[in-house]
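Let's go through this model together and ask why each feature gets the label it does. Keep the sequence and the structure open beside you.

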Amino acid sequence: MINKALINKEFKLAIHPTSLLFLSLSFMMLIPNYPLYVTFFYTGLGIFFTCLQGRENNDIFFSLILPVSKKDVVKARFCLVVIIEILQMIIAIIAALFRTICLKLPNNAGMDANIAFFGFSFILLGIFNYTFFTQFYKNTDKVGKAFVVSSIFVWVYILLVEGLSFAVPFFHNILDTLDPANIYPKIVILVLGLIIFILLTILAEKKSIKSFEKLDY
């Protein structure tokens, strides 16, 4: 069970304003000929600012003064993060629908804002969650190092997926097209992406809890 009081604390005291501000960046989906995965890099950046602010405000120290376990503290932070990521995804999907249905804008700079794109974006968020938090909870003072490590993985993934959309015929001709063309392969990618996101986030939480419980506060 997740401690509801801690989740309340996360939203009222811990979250950095940029995490909410960056939700509006989902409307980057409307920019013509733009690498749209960058939208979700900003999601991670907002989460980084939340953790950085927490370090400066001694958030973890004061949380552990409360009658809660270290496990509860980690779970509450993951709950906050997943809610932010899902909100970002929902707003981005709404913007992408408007782009595809109303504007009918293809994306010559990378992947189109289609169903498959969001499957790959879920994987991107899962990679961020795993690489950032498994590093962060090894040493919560070194939040910058955790973000650098996660950023490397995220940008390598972005470059890889964008490159595949240009270089591999299956990606270019089937996955990188405006909806509703080739709908079934895209749905498969979306489902796989969501499953990978869930698995990576669960694994990240479990590993983070183990690392955090070893830290001395």
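Q: What makes the contact between the side chains of Lys9 and Asp59 a salt bridge?
A: This is a predicted model, and in it the N to O distance between these two side chains is 3.0 Å. The label asks for a Lys or Arg nitrogen within 4 Å of an Asp or Glu carboxyl oxygen, so the pair of Lys9 and Asp59 at 3.0 Å qualifies.

Q: Which parts of the chain does the pair of Lys9 and Asp59 link?
A: Distant ones: Lys9 sits in helix α1 (residues 4-14) and Asp59 in helix α4 (residues 59-65), 50 residues apart. Lys9 and Asp59 are both buried.

Q: How do you know that Glu10 forms a salt bridge with Arg77?
A: Their closest N and O atoms are 2.5 Å apart. The limit is 4 Å, therefore the pair of Glu10 and Arg77 counts. This pair also links distant parts of the chain, with Glu10 in helix α1 and Arg77 in helix α5 (residues 70-103), 67 residues apart.

Q: Why is Glu10 called buried?
A: Its relative accessibility is 2%. Buried means under 20%, so Glu10 earns the word.

Q: And why does Arg77 count as buried?
A: Arg77 has 5% relative accessibility, and that is again set against the cut-off of under 20%. Arg77 is therefore buried.

Q: What makes Lys9, Glu10, Asp59 and Arg77 one network?
A: Salt bridges that share partners join these four residues. Glu10 and Lys9 provide another link, their side chains meeting at 2.8 Å, N to O. How many salt bridges are there by this rule? The count comes to 7.

Q: How do you know that the span of α5 agrees with its number of residues?
A: Helix α5 has 34 residues, which at 1.5 Å a residue should span 50 Å. Its end C-alpha atoms lie 48 Å apart, so the two values agree. Just after α5, Lys104 takes a positive phi of about 50°.

Q: Why is Val188 called partly exposed?
A: Val188 has a relative accessible area of 45%. Partly exposed is the range between buried, under 20%, and exposed, over 50%, so 45% puts Val188 in that class. The residue lies in helix α9 (residues 183-214).

Q: What makes Val188 fit a nonpolar patch on the surface?
A: Patch members need over 30% relative accessible area, and Val188 has 45%, so it passes that cut-off. Its partners in the patch are Tyr184, Ile187, Val191, Leu192, Ile195, Ile196 and Leu199, and the accessible area together is about 730 Å².

Q: Which residues lie nearest the centre of the largest pocket, and how much space is in that pocket?
A: The pocket holds about 210 Å³ of space. It is lined by 13 residues, with Ile93, Leu97, Asn114, Ile115 and Asp179 nearest its centre. Helix α5 gives the largest share of the lining, 5 residues, and α5 and α6 (115-136) each supply at least two.

Q: How many cavities of 30 Å³ or more are found in the whole structure?
A: The search finds 3. The largest cavity has a volume of about 40 Å³, so it clears the 30 Å³ used in the search. Among the residues that line it are Phe40, Phe41, Leu124, Phe128 and Phe147. Two or more lining residues come from each of α3 (38-56), α6 and α7 (143-167).

Technical notes: Residues are numbered from 1 along each chain as its sequence is written. This is a predicted model: local features need pLDDT of at least 70, side-chain atom pairs count only at pLDDT 80 or more; totals for chains, interfaces and linings use all residues. Side-chain values use heavy atoms; hydrogens and water are left out. Patches are made of residues with over 30% relative accessible area and no salt bridge: like charges are joined within 9 Å, nonpolar side chains (Val, Leu, Ile, Met, Phe, Trp, Tyr) within 5 Å. Accessible areas come from the Shrake-Rupley method with a 1.4 Å probe; for residues, only the protein chains shown count as cover. Helices (H or I, at least four residues) and strands (E, at least two) are DSSP runs, numbered from the N terminus. Buried means under 20% relative accessible area, exposed over 50%, partly exposed in between (1.4 Å probe, protein chains only). The expected span of a helix is 1.5 Å times one less than its number of residues. On a 1 Å grid over the protein atoms alone, a cavity is a set of points where a 1.4 Å probe fits but cannot get out, and a pocket is an open set with protein on both sides within 12 Å along at least five of seven lines; lining residues have an atom within 4 Å of a point. Grid points are joined across faces, edges and corners, and a volume is the space filled by probe spheres set on the points.
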